[in-house]
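Reader: I have a structure open and I'm not sure how to read it. Could you walk me through some of its features?

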Amino acid sequence: MASYPTSAQLRTHIELVETVERLECWREDQARRILLYGSFVGSIIEHHFSLDRTMPHARAHIRTLEEKGISIANGTVFLADTLSGPKGRFTRTWHAPAGGLWGSMIYISTLLPRYRMLAPLAVGIACCEAMRAYGAANAVIRWINDVLIDGLKAGGFLAENFTGHNSGEEYCLLGFGINVNNREFPSALDHIATSLALKTGKPVDLQGFTTCFLAKLSWNLGLLYWWEAEELHRFSAAPDELEHPLISRWKDLSDALGRRVVFGFDVQTNPQYEAIVQSITGDGGLRLRLDDGTEVVEHSGEIRYLD
Amino acid sequence: MSQEIDFDEILTKYRSDPYNYVDITAPHTGVVDFLVEKGNGVDAPSGEWNHIPGTPLFQISRERNEKTITAPINGIVSEIRIEFQDQFVEAGEKLLTIRHPLKKKEIIESILKEVLYLFPAPETAKFFFAMDIQSRIDQKGAGGVTIRPGDEAFTMSLMKRDTPIYYSGEEGVIHSIYFKPGVSVPQGEPLIGVCRADKLPLIQKVITRVKAEWDAI
């Protein structure tokens, strides 16, 4: 059975490593506040040898506790060494053997809708930052939150909302599949997938990587709450020249801007049009310029690079 | 849905005034600069994905942020509140009206929207049917699928966040589908129109009658 961090180990890492790293760019009071906002991440970390999928497991966990009248801990993380029935978006398969980081987190969002939109970006940013910290300097994000290394997919994420049957509480389940030490892929994925170990040429400390990823998720989700609080404190949205720090970070880590892409809601089965990526909007939308010069903004769907 | 539909009244209404009047309002506060005049023809968005904006109607400027508002539908500018030129207006202020000539298909859709139960999009997002509903539609066609309150009917997709949407209207069959997978639906716009099974013949009668009557005009 693989080793994963406990919640206490994650807290220690955040205090000793993540906080120190963030102080290079942020004032200490800001950094501590942001990490305090994100401190729900990994409040409980539950580890399994094998699961079918972690998302249904998270749903069942919520259902069971609600039926007993017990509150669900925000930030509860479920990890499994292997998944027997992993899936990606739509009807796509995902390969989840031992060596990868497979899991889900229960996220109870109290953000206002306009701030909640960016949560899916946060998880991709956290993964990309963790991959870079573990040697994949060329890890990048493809809109919305796929993480690629040298053009091959190394991390994918799902977000599914779920309403508690008893409580009516709205839960968001953030699912993550990150190829860390797994090195072999089915033939259908062989030419489009890679792993951190394959790209860095050495095995990765999975416990350390998991801790790093969750710490960075704590920071990036914390940024959402911090920015919302800052704007509410000012009683207005930030002026145009003030960009959401999560959007700025996404731009730093993405290679999408300026690329020629094909866009589609389900781009593999139904590509819709080709365009050039112009920018990302303040609410996370992708601004695309079509060949006839018109611009569109998409908030849902996916892209594949053509150049 | 009412038991009886007065076909003559409906048809007389559309015969005498076969137009839809679309009010265009200020999306937010700001100073208005009109780009059209009363009587001007305006074009709807066009292009394969409706990505080419319609005719520019006015600019609205707030805190040096200038925004051009374009026509959502084709027609003639039938009314314009020119007194607001260069004036500061509140969000929601009606600025002009577009008179849109209705086609037969649009008239049928308008009537159906009056008699069907319309289930609206809870947020501006992209939608697709829940897997169970989709497989039943694939097997039987939408008209053969009964939907009940509490059924997981759609998945709403926004920023790669999928949310199940549960149907909350009256039980019935899915008569009309107003969305396409992969195309954004504005908040409040209908996703499906639902009809009680026993009312289906009546609905079909409406469609047949309108088609026949409209051709005769």
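Reader: Let's start with strand 11 of chain A. Which residue there does A:Leu288 stand opposite?

Author: When strands sit side by side, look for who faces whom. Here A:Leu288 has A:Val296 across from it, in strand 11 of chain A. Keep in mind that this is a predicted model.

Reader: How many bridges join strand 10 to strand 11 of chain A?

Author: Four bridges do the joining, and the two strands run antiparallel. Strand 10 covers residues 286–290, and strand 11 covers residues 295–298. Together they make a hairpin with four residues between the strands. Look in the turn for A:Gly293, whose phi is positive, about 95°.

Reader: And the side chains along strand 11 of chain A: which ones are buried?

Author: Follow the strand and check which face each side chain points to. A:Val296 and A:Glu298 point to one face and are buried. A:Glu295 and A:Val297 point to the other face, and these two are not buried.

Reader: Where do the domains of chain A begin and end?

Author: Try colouring the chain by its domain assignment. Domain 1 of chain A runs over 7–234 and domain 2 over 257–305. Their C-alpha centres are 25 Å apart. For the contact between them, domain 1 supplies seven residues and domain 2 supplies five. On the domain 1 side, five of the residues are nonpolar, none are polar and two are charged.

Reader: What about nonpolar cores? Which residues touch the most other members of the largest one?

Author: With a core, start from the best-connected members. The largest nonpolar core has 107 residues, and the ones touching the most other members are A:Ala122, A:Cys127, A:Met131, A:Leu174, A:Phe213 and A:Leu224. Helix 8 of chain A, residues 206–234, gives this core its largest share, 13 residues. Zoom in on A:Phe213: leaving aside residues up to four places away in sequence, its contacts are A:Leu101, A:Ala126, A:Cys127 and A:Ala130. A separate core of 14 residues includes B:Leu57, B:Phe58, B:Ala71 and B:Val77.

Reader: So chain B has something to show as well. How many helices and strands are there in chain B?

Author: Count the elements, then look at the overall fold. Chain B has four helices and 15 strands. The C-alpha trace of chain B spans about 55 × 50 × 30 Å along its principal axes. Of the 217 residues in chain B, 26% are buried. Among contacts in chain B with a separation of 6 or more, 68% link residues 24 or more positions apart. Chain B is also assigned a domain 1 at 19–101 and a domain 2 at 105–216, with 29 Å between their C-alpha centres.

Reader: Now the place where the chains meet. How many residues does each chain bring to the contact?

Author: List the residues on each side, then ask which elements they come from. Chain A brings 21 residues and chain B brings 16. On the chain A side, strand 6, residues 152–163, has the largest share with three residues. That side divides into nine nonpolar, ten polar and two charged residues. Strand 6 of chain A also pairs in the parallel sense with strand 13 of chain B, residues 161–166, over two bridges. One partnership to look up is A:Ala159 with B:Arg161.

Reader: And what does the predictor give for the complex?

Author: Scores come for the whole complex and for single chains. The complex gets an ipTM of 0.80 and a pTM of 0.85. Chain B averages a pLDDT of 89, with 96% of its residues scoring at least 70.

Terms used
Residues are numbered from 1 along each chain as its sequence is written. Chains are lettered from A and ligands numbered from 1 in the order in which they are written. This is a predicted model: local features need pLDDT of at least 70, side-chain atom pairs count only at pLDDT 80 or more; totals for chains, interfaces and linings use all residues. Two residues are in contact if their C-beta atoms, placed from the backbone, lie within 7 Å. Ala, Val, Leu, Ile, Met, Phe, Trp, Tyr, Cys and Pro count as nonpolar, Asp, Glu, Lys and Arg as charged, and the others, Gly among them, as polar. Two strands pair if DSSP finds at least two bridges between them. pLDDT is the predictor's confidence in each residue, from 0 to 100. Domain bounds come from an automatic or database domain assignment. A nonpolar core is a set of buried Ala, Val, Leu, Ile, Met, Phe, Trp, Tyr and Cys residues joined through C-beta atoms within 7 Å. A residue is buried if 20 or more other C-beta atoms lie within 10 Å of its own, exposed if 12 or fewer, and partly exposed in between; C-beta atoms are placed from the backbone.
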